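Student: Could you go through this model with me?
Tutor: Gladly; here it is, and you can ask as we go.

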Amino acid sequence: MGKSNRKGRKKAILILIICIVVIGLGTLGGTLYVTSAGNVKHKSNEIILPGTDSNRNALIIYQPGRSEYGTTIATNLAKGLNESGYEVTINYPGDFLSENLEEYEIVAFGTTVYNGELSPVLGDYVSAIKNIDNSKILIYSTGMMTDNSSELDELSKLLYRKADYLEKFLSNQEESEVKRAYDLGITLGGS
Ligand SMILES: Cc1cc2nc3c(=O)[nH]c(=O)nc-3n(C[C@H](O)[C@H](O)[C@H](O)COP(=O)(O)O)c2cc1C
């Protein structure tokens, strides 16, 4: 093999290694970015859907992921509750929220799930909740895996009382799951 041929081969191998390293770091960075969504401490973003009866209040606290899916599920759950006559408050979890939720007849907590882990930000808030003995409680997650929903049990354990409903909304079946979230809102608000 000639000297210039060997040089060319070395250069090609070096370029290949650089490409593999760059793609690997990019994939790792992208994965870390997505999976860190559950740790993000969002600012308060309270949205209130006024109800027809001022005594019927529902609350949805959810941790969004990196896509719009978590927000779409929370919004459709809220629409269903609202159509059942409830005033619905939607917000992210955080220190800005009250821990005393006795004014709410219905309370929903929604978490993201990455690598089997629920959102620590939502978990911290749920651990601090008081006074929802008489409320209807929904705990839900937004994820992709059908064969594992341990995040629901983990989040349930952090709440001082048992939840009435546990649901997982699958992000790879968005259309039907968004409708299911709306229908669940109607069911919770109606029964
Ligand atoms: C690295 C990674 C790990 C994931 N781990 C889980 C998991 O353990 N359980 C699950 O149900 N979904 C898992 N998912 C799917 C996400 O929870 C699902 O895509 C979710 O809707 C993410 O929302 P986002 O796309 O808005 O960030 C994972 C996704 C990624 C990218």
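Student: Is N115 buried or exposed?
Tutor: This is a predicted model, and in it N115 is exposed, because its count of other C-beta atoms within 10 Å is 7, where 12 or fewer is the limit for that class. N115 sits in the loop between β4 and β5 (117-118).

Student: And what is phi of N115 near?
Tutor: Phi of N115 is near 50°, which is a positive value in a residue other than glycine. As background, most residues other than glycine have a negative phi.

Student: What about N131, where is that found?
Tutor: N131 belongs to the loop between α3 (120-128) and β6, and its phi, near 60°, is again positive in a residue other than glycine. N131 counts as partly exposed, because it has 14 C-beta neighbours inside 10 Å, a number that falls between the limit of 12 for exposed and that of 20 for buried.

Student: Since you mention α3, which of its residues are buried?
Tutor: In α3 the buried residues are V121, L122, G123, Y125 and V126, and they pack against β2 (57-62), β4, β5 and α4 (150-158).

Student: Switching to α5, which residues are buried there?
Tutor: The buried residues of α5 are E177, A181, L184, G185, L188 and G189. Viewed down the helix axis, they fall within an arc of 125°, so they line one face of α5. In general, an α-helix has 3.6 residues a turn, so residues three or four places apart point the same way.

Student: What do those buried residues pack against?
Tutor: Their partners are α2 (69-83), β4 (106-114), β6 (136-143) and β7 (165-170). On the face turned away from the buried side, α5 carries the exposed residues E175, S176, K179 and G190.

Student: Why does G190 count as exposed?
Tutor: G190 has 11 other C-beta atoms within 10 Å, and so it counts as exposed, given that the class takes in 12 or fewer. The C-alpha atom of G190 is separated by 9.5 Å from that of G80, although the two residues are 110 residues apart along the chain.

Student: What span should α5 have, at 1.5 Å a residue?
Tutor: Helix α5 (residues 174-190) has 17 residues and should therefore span 24 Å, and its end C-alpha atoms are indeed 24 Å apart.

Student: And how many residues does α1 have?
Tutor: α1 has 33 residues and reaches 48 Å from its first C-alpha to its last, close to the 48 Å expected. α1 is hardly covered, with a count of zero for buried residues.

Student: How is the protein divided into domains?
Tutor: The domain assignment gives domain 1 (3-39) and domain 2 (47-190), and their centres, taken over C-alpha atoms, are separated by 40 Å. Five residues of domain 1 are in contact with 12 residues of domain 2, and the side of domain 1 that touches domain 2 consists of two nonpolar, three polar and no charged residues.

Student: Where does the ligand lie?
Tutor: The ligand lies between the two domains, because both of them give residues to the shell around it. Of the 19 residues around the ligand, those that come nearest are G65, S67, G143, M145 and S171, and the elements that give two or more residues to the shell are α1 (3-35), α2, β4 and β6. By class, the shell has seven nonpolar, 11 polar and one charged residues.

Conventions: Residues numbered from 1 in each chain as written. Predicted model: local features only at pLDDT ≥ 70, side-chain atom pairs only at ≥ 80, totals over all residues. Domains from an automatic or database assignment. Contact = placed C-beta atoms within 7 Å. Nonpolar A, V, L, I, M, F, W, Y, C, P; charged D, E, K, R; others polar. Helix = DSSP H or I, 4+ residues; strand = E, 2+ residues; numbered from the N terminus. Expected span 1.5 Å × (residues − 1). Arc of directions from axis to C-beta. Near = placed C-beta within 6 Å.
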